[in-house]
Structures are given as C-alpha cells and as structure tokens.
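Q: I have a model open and would like to learn how to read its features one by one. Can we start with a single residue and work outwards?

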Amino acid sequence: MGIWSILEKDENAELINNVERELRSDRTSGATEFLSRFMYLKTNPESRVIEPFELYASAVKVLMEKKTLGSDSYTVAMQYGEEIYSAMFPFGEKTPYFEELCTIFLEMFDRDGVVFRKLFNATIYDLFNDKYNFMKWIRCIVGKPEAGFIEAYISPYATEARVYFLDEIPFTANLINVTKKLQVSADKQAVYDEELGKLRRMSGIYDVNEATLLEAVRKIQAAEVLHDRVSELIKFVEERVSILDATSRNSVLEVKSSCEDEVKKAKYELGIIDEKLKAAYDATVNEQKQVVLYEKKKLLDDTFAEAEERLSQLKQAAEKTINTVKLEMPEGITEIKLDTKQTVATTNVQPSASGINVVKNTSKPGSSGYNDTISSAADYLNAYNDYANIYEPQVAAEDNDVEIPDVNPLLDETRSFSERLGEAMKKKQYMVAMGEHFHKMFDDVLIAVMENSNPYLIGPSGCGKTFMVSQISRILGMDFIDIGYINEEYDILGFQTANGGYSRPNFYRCYKYGKIAFCDELDNGNSRATVKLNSFLSNLKDASYSFPNGENVRRHPNFRIIGAGNTDGNGADSNYNSREKIEESVQQRFTPIYIGYDNEVEKKILADYPDWYSFLVLFRMATDEWGRNNYGDAPGIITTRDATRIKKYRDNNSFDMEKILEYEFIQTKDITYLAFIENHIRKNIAGYGNASTIFNAFSSMINSRRG
C-alpha cells in the first residue's frame with residue numbers, strides 16, 4: 001500500500017469518526033435513533049446501500065453543516081438518499097465517472113437541494129448525459145412543487161421532448177423554460193400540449209386530416225385560376241411597358257441633350273464667377289496686408305517714442321543726481337561728468353591737500369561702476385531685459401505651459417440651464433447638417449455632463465461610448481483625455497520621482513485646467529484604487545485637492561468626469577468574465593446610463609448599403625433570440641464598430657461579400673450557434689428581401705462548414 005493510499009484511508013476514517021462524534025453530541029431522540037443506524041451500517045458492510053461508507057458519512061455531514069433538516073429527519077433523508085444512490089450508481093463504485101457523480105450526489109443534500117424537496121426523478125435523470133445539466137434543471141424549480149407535479153407533467157414531457165434535440169444544452173434550456181411555465185400556469189395541461197406541439201412543428205410533424213387536405217386542394221385550384229389571370233395581365237402590362245419604353249427612350253435623349261447644354265452654360269457662368277471671386281479675394285488680402293503693415297508701423301513708432309521719452313527722463317534724473325553729489329562731494333574729488341553722447345559717468349579724483357593718496361577711477365562698460373551705454377530706445381529695452389534676467393527674483397512658475405482657461409459658457413451655472421442647453425443643441429444640429437450621426441442616448445449623456453452628474457456609460461463593446469464622449473467634447477469646445485482603466489492610485493494622483501520631482505498624471509491636468517477625464521473600462525480596473533475617485537466626484541464648487549507634490553490644486557469649474565464600462569459595475573457576467581465589482585461608494589457618485597446599440601445610427605452609417613444594414617438587423621435579432629433561449633448574452637454580437645468597418649470595406653472594395661461574412665459574422669463562432677442564427681434569419685428574411693443575396697451566401701458558407 002502506497003503512502004498516498006494510507007493517507008487517504010486515514011482521512012476517510014477521520015471523516016467517519018467526526019460524523020460519529022457530532023451525532024453523539026446531539027442529545028435529541030432523532031439523532032440518537034439515527035446514530036444507531038449509522039453505527040450499524042459502519043460495522044455491517046453487507047447492509048449498506050451507499051458505498052463506500054465515507055460517501056454515506058459525507059452526505060450526513062452535509063446535512064448537519066447546512067442545517068438542511070432537523071436531526072429528527074436524518075433517517076428519512078438518508079433513506080431517500082439511498083434511493084437516489086441506487087438510481088445514480090447502478091454498478092456501485094464501478095459506475096463510470098464515479099468520482100464526478102459523487103460530487104453531484106453530495107450537492108443534492110444541500111439546503112433547498114434534491115433531498116430536502118424530494119425532487120429526484122430517475123426517468124429525467126437518465127435523459128441527461130451531463131448530469132450537471134440535471135442539477136441546472138433542479139435549481140430552476142421554485143419552492144416545493146405540488147405533489148405529483150413532476151411525475152404528471154415534467155417527466156412525460158421531458159421523455160418525449162428529448163428526441164427532438166440533438167444537443168443537450170438546448171434541451172436543458174427548453175426543459176427549464178417549460179418547467180417554469182408549468183409551475184405558474186393554472187391550466188398545466190394546456191401548456192403541456194402547446195409546448196409539445198411547438199417541438200413537433202419545429203421538427204416538421206403536423207396533424208393533417210382529410211378535411212384539411214381537401215381545403216388545401218381547393219386553395220391550390222383557386223391559386224391556379226388566379227395564376228392564369230395574372231399571366232394574362234402580365235402579358236398586357238409587358239406590351240404597355242414596351243410602348244412606354246420606346247417613348248421614354250426618346251424623351252430621355254431629349255432631356256439628356258437639354259441637360260448637357262444647361263451644364264455647359266452653367267460651367268461657363270461658374271468659371272466667370274470663380275474668376276471674380278479670386279480677384280475679390282486677392283484684393284481683400286492685399287488690403288488687409290496694407291492695414292496690418294500700417295498698424296505694425298504705428299505700433300513700433302509708438303513703442304520707440306515711449307521708450308525714447310522714458311530714456312530722456314532717466315538721463316535727466318541721472319544728471320540731477322550727479323549735480324547733487326557734486327555739492328556734497330568731499331575734497332579731492334574734482335569732477336563728475338556725464339557724457340551725453342556715450343552716457344558714461346566718470347569720476348576724476350585728485351590728490352588731497354593732506355597728502356593722502358587717492359586713486360582715480362573711471363567707470364567703464366562691464367565694470368562695477370555706473371554704466372549707461374544706451375544710444376537708442378531699442379538698446380534701452382534690451383538692456384532692461386538683460387537686467388531683469390540677472391537681478392530680478394526668478395520665481396519658478398508651475399505648469400506655465402498651460403494657461404488656466406476661463407469658465408466654459410456652456411458650463412457656467414450663473415446662466416440659465418435652458419439657455420446653455422439651447423446653444424449646445426444648435427451646435428449639435430450643425431454637426432448633423434454636416435453629416436455626423438448621434439446616438440439616441442446622446443442628449444441624456446450631454447445633459448448629465450452639463451449638470452455635473454458624473455455619467456457612467458454602460459454598454460457592450462463597440463456601441464460607440466468613446467465616440468459619444470468625443471462628440472460631447474467638441475460641442476462643449478473642451479479637450480477630453482482618456483485616462484484608461486485605473487490600476488493604481490498613482491494613475492489618478494501621480495507620484496514623486498526618485499530625484500525629488502513630480503510625475504503629473506493626465507487626471508491632474510484635467511482637474512487643474514478644466515478638461516474632461518474619461519475613465520474608460522472603469523469596471524476593469526483595481527477597485528481599491530478606483531475608490532480614490534471619491535475625492536473628486538463630490539463636485540463642490542470650491543473643492544480642492546492636495547496632490548503628492550504638495551500643490552493644493554483648486555478644482556476648475558470646467559472639470560468633468562465621465563466613466564464607461566461593459567457591465568453595470570456589479571461584477572463579471574457571461575461575456576465580460578474578468579470585470580470586477582466597482583466599490584459601492586464609487587457607484588453611488590456616478591449616474592448610470594445604459595447605451596446599447598442604436599440601429600438608427602447603424603442605418604445612417606450603412607445608408608449607401610441597405611442590404612448590409614438589413615442583414616445586420618436580422619443577425620442581431622437572431623443573437624437576441626439566442627440569448628433569451630439560453631438565459632445569457634449571445635457571443636459574437638455585431639457592433640456599431642463592425643458596421644463602420646463594413647462600410648469601409650464596401651467603400652474601398654477591399655473585401656468581397658464572402659470575406660466580410662467570414663471575418664465579421666462567421667469566424668470564431670460555434671457551428672451550433674451559427675446554425676441557430678441561420679435558422680432564425682431564414683424565418684424572418686421575408687420582411688427584409690433586400691438582404692436575400694447576402695443571406696444565401698451566408699447560408700451556403702454555414703452548410704459548407706457543417707461538412
């Protein structure tokens with residue numbers, strides 16, 4: 001016996017002993033009675049139904065841990081469990097997939113499980129190859145169904161319905177759906193008959209009697225008579241069309257000739273107008289050049305005149321100072337002269353009467369004495385700039401690469417909201433006139449931004465969330481910066497660098513200079529770091545924040561935060577399984593707005609290709625139906641971004657129809673899923689006849705993939 005076998009045997013023995021101890025600690029009569037049964041089976045293997053005995057002990061442990069039943073019901077529950085075991089394990093421990101089935105068997109002892117509600121049905125259980133699907137069906141049953149409900153309706157329905165499904169997953173979904181309908185319906189037999197009828201009709205089985213056949217024959221005969229009449233009418237119409245065609249051809253030639261003459265005339269007149277416009281444009285440009293040159297000369301003359309006047313004042317002040325110094329000059333200093341030509345102040349010093357040696361000093365340009373070598377206003381201005389660069393205090397200006405802008409007129413809350421919204425809508429109307437498309441939820445998001453409500457845009461990938469934010473920034477006349485998802489706090493706050501500097505994040509720039517901070521994929525970031533946004537979502541008018549560089553930055557009135565994500569912020573779903581739950585305090589500070597796909601936007605994008613738009617609508621209808629049937633989101637949905645790509649392929653003739661279908665609609669999708677899509681489109685193609693050519697190609701590609 002290997003070491004692992006010994007360890008496993010010890011674990012099983014420990015499990016059985018623990019259950020025995022817990023039963024002994026329960027002093028109720030029911031537990032005492034069941035303890036006797038437990039000890040009997042422990043010592044008498046030939047009387048056991050459930051083998052190995054540790055599986056029996058594990059089931060008892062689940063009952064005790066989950067508090068599924070009172071201790072007085074352990075005996076009844078385990079007897080029912082023995083019945084289930086006999087159905088699930090016909091060959092005992094040699095039953096195929098024994099380990100996996102043991103997991104399902106123990107799950108049946110959970111609270112509200114199979115044992116508690118006595119829901120096990122061997123007939124239905126045998127219909128499933130994957131027994132986990134049986135458990136999915138069990139979980140859909142609400143409460144304890146009425147007695148005999150499963151045996152009377154569900155079991156016979158499941159037995160007959162199973163033959164209509166090749167795939168077990170659609171069968172499971174159908175059985176769950178029918179079970180729910182039967183539970184809530186007052187007329188269960190009617191629901192039973194209706195659902196089975198649907199399955200038969202889907203498989204091409206119809207109840208046809210003699211009366212129905214006779215009625216069909218009568219309708220066929222009537223249709224043949226009508227066909228003959230229509231054929232005669234078509235012949236008559238064809239004759240009339242041929243006459244009209246000949247007439248219209250002559251008219252077209254006449255109209256074409258007349259139009260060509262008018263076009264030539266119009267081109268000639270437009271050429272004359274174009275020449276006149278060019279001449280007027282050149283004259284206007286020359287006139288404006290003369291005005292600019294005159295203003296420039298006048299500005300320079302005024303500047304130099306002012307500088308000369310200032311220089312004269314400075315010279316007068318200097319002479320006055322020198323004269324004052326002369327009067328107070330001590331003995332030995334004989335002359336101070338200001339040269340008006342070179343404006344060099346010199347001091348001549350003579351030996352004093354007392355014999356003290358006095359040094360003669362003449363200040364020159366570049367020495368430490370007074371120096372004024374300014375000969376013109378321009379030299380004066382340059383000298384002043386040099387002086388300022390050297391002697392004036394040098395203050396390190398922070399962020400002087402960007403000026404703090406004024407309050408945006410459309411965000412200025414001192415104005416009425418209706419007036420501001422009206423101006424924004426005028427800009428939107430202009431953009432629409434220029435051919436731009438807007439999502440149906442655009443106005444709501446714009447209002448939320450103008451009201452400073454921190455909108456959180458919820459929508460699947462490719463529905464146009466980022467493009468909508470760019471449209472809002474253009475209407476408001478503001479920059480927006482996509483700061484991406486937030487992984488660490490320094491994505492918002494920045495950080496001190498190793499050399500003592502400060503790395504400014506984009507979020508800092510938005511907060512200080514009044515930009516839109518777009519937090520895309522907010523549900524894909526680090527929820528602990530995202531909580532730091534709370535400090536900036538309060539939207540108080542005089543709010544400020546002290547960033548890691550020590551600067552206390554005041555919130556700019558134009559600053560806005562827009563979040564976006566593929567989920568509602570409550571964690572992963574079937575399509576976006578890596579998303580985290582956004583912390584509740586952050587969610588409460590955002591205004592959630594669901595975006596979704598807008599068929600009208602896609603209709604405008606594909607206006608030149610209505611057949612592709614119709615096929616896109618049919619495909620999306622099919623994916624929506626698949627999601628309803630399978631209680632989840634469909635994979636491989638078609639997005640607004642895909643519609644834009646299709647338009648580009650068609651405009652450039654880069655991909656043909658088959659390549660577009662392969663890359664945008666078929667590739668990476670399961671054949672069962674594609675077959676469902678094809679079948680659903682086939683049922684609805686009559687209402688979208690212009691997409692029939694694309695659908696036929698799509699159907700042919702699906703059939704070839706089936707092999």
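A: We can start with Phe698, bearing in mind that this is a predicted model. Leaving aside neighbours within four places in sequence, Phe698 is in contact with Phe615, Phe619, Leu661, Phe665, Ile666, Leu674, Ile677, Glu678 and Ile681.

Q: Which helix holds Phe698, and is Phe698 buried or exposed?
A: Phe698 belongs to helix 26, which spans residues 692-706. Phe698 counts as buried because its relative accessibility is 0%, where the cut-off for buried is under 20%.

Q: How many residues along the chain separate Phe698 from Phe615, and what is the distance between their C-alpha atoms?
A: Phe698 and Phe615 are 83 residues apart along the chain, and 10.0 Å separates their C-alpha atoms.

Q: What does the same reading give for His680: where does it lie, and which residues does it touch?
A: His680 is part of helix 25, residues 671-684. With a relative accessible area of 15%, His680 is buried. Not counting residues up to four places away in sequence, His680 touches Met621, Ala622 and Glu625.

Q: How is a pair of packed helices described?
A: Two values are used: the angle between the axes of the helices and the distance between those axes. For helix 23 (residues 640-652) and helix 24 (residues 657-666), the angle is about 170 degrees and the axes are 11 Å apart. The two helices, 23 and 24, are therefore roughly antiparallel. Helix 23 contributes Asp642, Arg645, Ile646, Tyr649 and Arg650 to the contact, and helix 24 contributes Ile660, Glu664 and Phe665.

Q: At what angle do helix 5 and helix 8 pack?
A: Helix 5 (residues 98-107) packs against helix 8 (residues 131-140) at about 15 degrees, and their axes are 10 Å apart. That angle makes helix 5 roughly parallel to helix 8. The crossing of helix 5 past helix 8 is left-handed. On the helix 5 side, Glu100, Leu101, Thr103, Ile104 and Glu107 meet Lys131, Tyr132, Met135 and Arg139 of helix 8.

Q: Lys131 appears in that contact. Which ring does the charged end of Lys131 sit over?
A: The charged end of Lys131 sits over the ring of Tyr125, 4.2 Å from the ring centre. Another case is Lys428, whose charged end sits over the ring of Phe438 at 5.4 Å from its centre.

Q: How is a pair of aromatic rings described, and how many such pairs are found in the whole structure?
A: The description takes the distance of the ring centres and the angle of the planes. Searching the whole structure gives 42 aromatic pairs. One of them is Phe53 with Tyr56, a stacked pair at 5.5 Å centre to centre, with 15 degrees between the planes. Both residues, Phe53 and Tyr56, are buried.

Q: Why are Phe53 and Tyr56 separated by about one helical turn?
A: Because Phe53 and Tyr56 are three residues apart in helix 3 (residues 53-65).

Q: Which residues form one aromatic cluster?
A: Tyr502, Phe507, Tyr508, Tyr511, Phe536, Tyr545, Phe547 and Phe559 form one.

Q: What do the totals for the protein look like?
A: The secondary structure comprises 26 helices and twelve strands. Of the 707 residues in the protein, 38% are buried. Taking contacts between residues at least 6 apart in sequence, 67% join residues at least 24 apart.

Methods:
Residues numbered from 1 in each chain as written. Predicted model: local features only at pLDDT ≥ 70, side-chain atom pairs only at ≥ 80, totals over all residues. Heavy atoms only, no water. Phe/Tyr/Trp six-rings, centres within 6.5 Å; stacked < 30°, edge-to-face > 60°. Helix = DSSP H or I, 4+ residues; strand = E, 2+ residues; numbered from the N terminus. Buried < 20%, exposed > 50% of the residue type's maximum accessible area, 1.4 Å probe, protein only. Lys NZ or Arg CZ within 6 Å of the ring centre and 35° of its normal. Axes fitted to C-alpha atoms, helices over the stretch in contact; angles between N-to-C directions. Parallel < 35°, antiparallel > 145°, perpendicular 65-115°, else oblique. Left-handed = near helix turned anticlockwise from the far one by under 90°. Contact = heavy atoms within 4.5 Å.
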